[in-house]
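Biologist: Please take one part of this structure, the surroundings of the ligand, and describe it closely for a first-year student.

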Amino acid sequence: MLELKHIKKYYTVGDNVTKALDDVSVAFRKQEFVAILGPSGSGKTTMLNVLGGLDQYDSGDLVINGKSTKGFKAADWDAYRNNSIGFIFQSYNLISHLSIIDNVEMGMTLSGVPAGEKSKRAKDALVRVGLGPHMNKKINQLSGGQMQRVAIARAIANDPEILLADEPTGALDTVTSNEIMQLIQDLSKERLVIMVTHNPELAHQYADRTIEFSDGQILEDSKPYTDEVSSNDFKLKHTKMRFWTALKLSFNNIRTKKGRTFLTMFASSIGIIGIAIVLALSSGFQIQIDKTQRETLSQFPISISRTGTDQTAAQSSQQSDKVSKSDKITAKTSAAEKAQHTNKITQDYVNYLDKIDSSLTKNISKTYATGLNLIREVNGTYKPIQFSSASGNGMDSSAMLAASGIGGSVYPIDRNGNQTFLKTNYKLLSGAYPNSATDIVLIVNRDNTVNINALKNLGFKVKEGQKYDYNKLLGTTIKVVANNDYYQSLPTGNFVPNTDYTKMANASDTKTLKITGILRVKSKNSDGLLSSGIAYSDQLTKLVVDQNEKSDIVSAQKKSDTNVLTSQTVNAATKSTLISYLGGSSIPSNIQIYPTNFKDKDKILTYLDKYNKGKTKANKIVYTDLAGNVSSLTGGLMDAITYVLIAFAGISLVTSMIMIAIITYTSVLERTKEIGVLKALGARKRDITRVFDAETTILGVGSGVLGILIAWLLTFPINAILKSMTDLSNVAQLNPTHALILIIVSTVLTVLGGHIPARMAAKKDAAIALRSE
Ligand code: ADP
């Protein structure tokens, strides 16, 4: 069934040519026990390896069941070893990190035998070799004879037609040797067994046929076989290791060297730790920068008022340093005065502003210089009140006219109708953020104090230092009366406030305001955005203007050149202020634009400048960029720092990759024997690569996860240190997406680093691998 025809195998080392097999021709029967005898170095092992397809012959032919192997490809040899051959070695060659059963199953695992059948066949084989009771022991708990029995079980588990044994009793004592020989002889009743031995007594005692070797040639054959073999029923089932098997093999191997694996993972995770921390810090700093920008800009919005200061004019007309040589005096307007500019804010301009890209600014606040006719019920009677915190004494309406402000603070509602301004800058102490234009809030200082006058002007009887429950103030209602209900006209054409406040309170046009929330400024940076006391939305002032624009007193004031309340003569500017105060102007007196960040602010300024293009100086609208002088902390510098740090961390990542390659290479050297055994069992090159790729995958995932875990743990002390140094809390924040990407990067790099040694392992010559110690 097996025939060597003029086989030659020469080894050339330097100038020295060793003829390991020198024109060997021999044929074997389908069933016999052949012992190969001969001195050491005579070529016995080489022949056995050629017969088993572990080593390639140089010339001649190996004929299996009448089929020539000249055209065999690597996969055919792998399948041949797996399907037809069982190897038994002198040094057993068991894979020590696998269990006995797994060792015996390995050949079948490689050829894809289903689990149930595989396990049954492995157990049968173990029982057959007499290891039934020891099946569940570990390899290193067995005696030499028992280990050889496991190796024999592994060789016969796949039920091969040929059993090749290389000095199977070489390492055993006489008694055990005889037992093993008995077993092999027993097995030879069902198949062809070819055994190399240096022990002629054993050979003659057990073998059916002995072949004597010398210097690569057959010296004597006790029972030559000359029949021509013609049957050609030789079929091969190709093998294929599943990745799972490779993973299990590597996992078990790694388990046997836990300490070293952990150290490797730790060392190679340092790169990951570095990058993870840099990323965590930079995204944390970016969040801080964004926050600072937002806070700065909500404190210093772009502002457009009726009278503006042209900043460029103010800067360009700075005094010259040059000392004049002229003996004349030049008349010159002061820079400040030159920069004064009256903005003609028109409805067109307001519409233009409303068209600003909503991604650049969420909040555009419009202030109308309108007064509010406020009354509140105190102890059962209504009386006029005000939001102002300017003075302790309730001002009469004419005094109010004189006051520039109207009291209270106005906050913007964002362009989607949400309370982003309040929510980002103010913490809710009690109640709720406002829902509608008639919901108002009480702003308290960071120490929970409120301007005493703000409370007095609301009609509360308060004493310095008095404390209030939130509930006492929450829910307080205040009424805003329409001009037509608030003022009555006199026959003279003048107007005076009505005195029947109860009637006003019940008038149909009267709106009810309610304190729905008590808010406190969130951070020091936002201090003073809104002064302590009542704050209401710009929507409310708009509502009031809409209501009063057409009122009698406004119409009368528009026609008259005297103040309709006091009969004083007024100039044009005062008249216009009066009309606005009475709610007669739907053009805002002041517009504040709150950009999201500095970059967006610049874009908005460009947009505002575009409006002025081609307009006469008088028609230009000048804005004030309050944040212009604040250093613009853009993320650019941060990005640069991040890149540099990532580059450094990247270097350590590459270093760890090289380390993994070295470790894999060491592992390859260590596992050379195992590679030989796997090949003898029919593993393909690709399977061997897989085993090592699986190992590096485990290492890569392990070091990635370990790196992320350590980095995450490190964010706590880092944040604590940063907190104590800079007062910034939670700067380092590990983004889960970054973490995941880093684990993947670690795995991919590690596998890449380990792949080259893995390929080297796969290329290892099986015969040489098995000879290694
Ligand atoms: P035996 O099994 O009879 O002791 P071997 O088959 O192992 O003999 O070796 C036969 C000869 O081939 C020896 O001289 C040995 O040194 C040589 N040989 C075996 N393998 C190699 C190799 N990979 N490279 C060079 N020489 C080798």
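**The ligand and its surroundings**

Modeller: According to the UniProt annotation "transmembrane region" from an unreviewed entry, residues 262-285, 640-665, 696-718 and 738-756 are covered; UniProt positions follow the numbering used here, feature names are shortened, and annotations may be inferred rather than shown by experiment. This is a predicted model, in which local features need pLDDT of at least 70, side-chain atom pairs count only at pLDDT 80 or more, and totals for chains, interfaces and linings use all residues. Residues are numbered from 1 along each chain as its sequence is written, and side-chain values use heavy atoms, with hydrogens and water left out.

The ligand is surrounded by 13 residues, the closest being Gly41, Lys44, Thr45, Thr46 and Arg771; a residue is near a molecule if one of its heavy atoms lies within 4 Å of it. By class, this shell holds seven polar, four nonpolar and two charged residues. Here Ala, Val, Leu, Ile, Met, Phe, Trp, Tyr, Cys and Pro count as nonpolar, Asp, Glu, Lys and Arg as charged, and the others, Gly among them, as polar.

Strand E1 (2-13), strand E2 (16-28) and helix H1 (44-51) each supply at least two shell residues, and H1 gives the most, with three. Helices (H or I, at least four residues) and strands (E, at least two) are DSSP runs, numbered from the N terminus.

Oxygen atoms of the ligand lie 2.7 Å from a backbone N or O atom of Gly41, 2.5 Å from a polar side-chain atom of Thr45 and 2.5 Å from a side-chain N or O atom of Thr46. The protein covers 73% of the 560 Å² of accessible area that the ligand has on its own, by the Shrake-Rupley method with a 1.4 Å probe.

Definitions and conventions. Polar contact = N/O pair within 3.5 Å; in protein donor to acceptor, adjacent residues only side chain to side chain.
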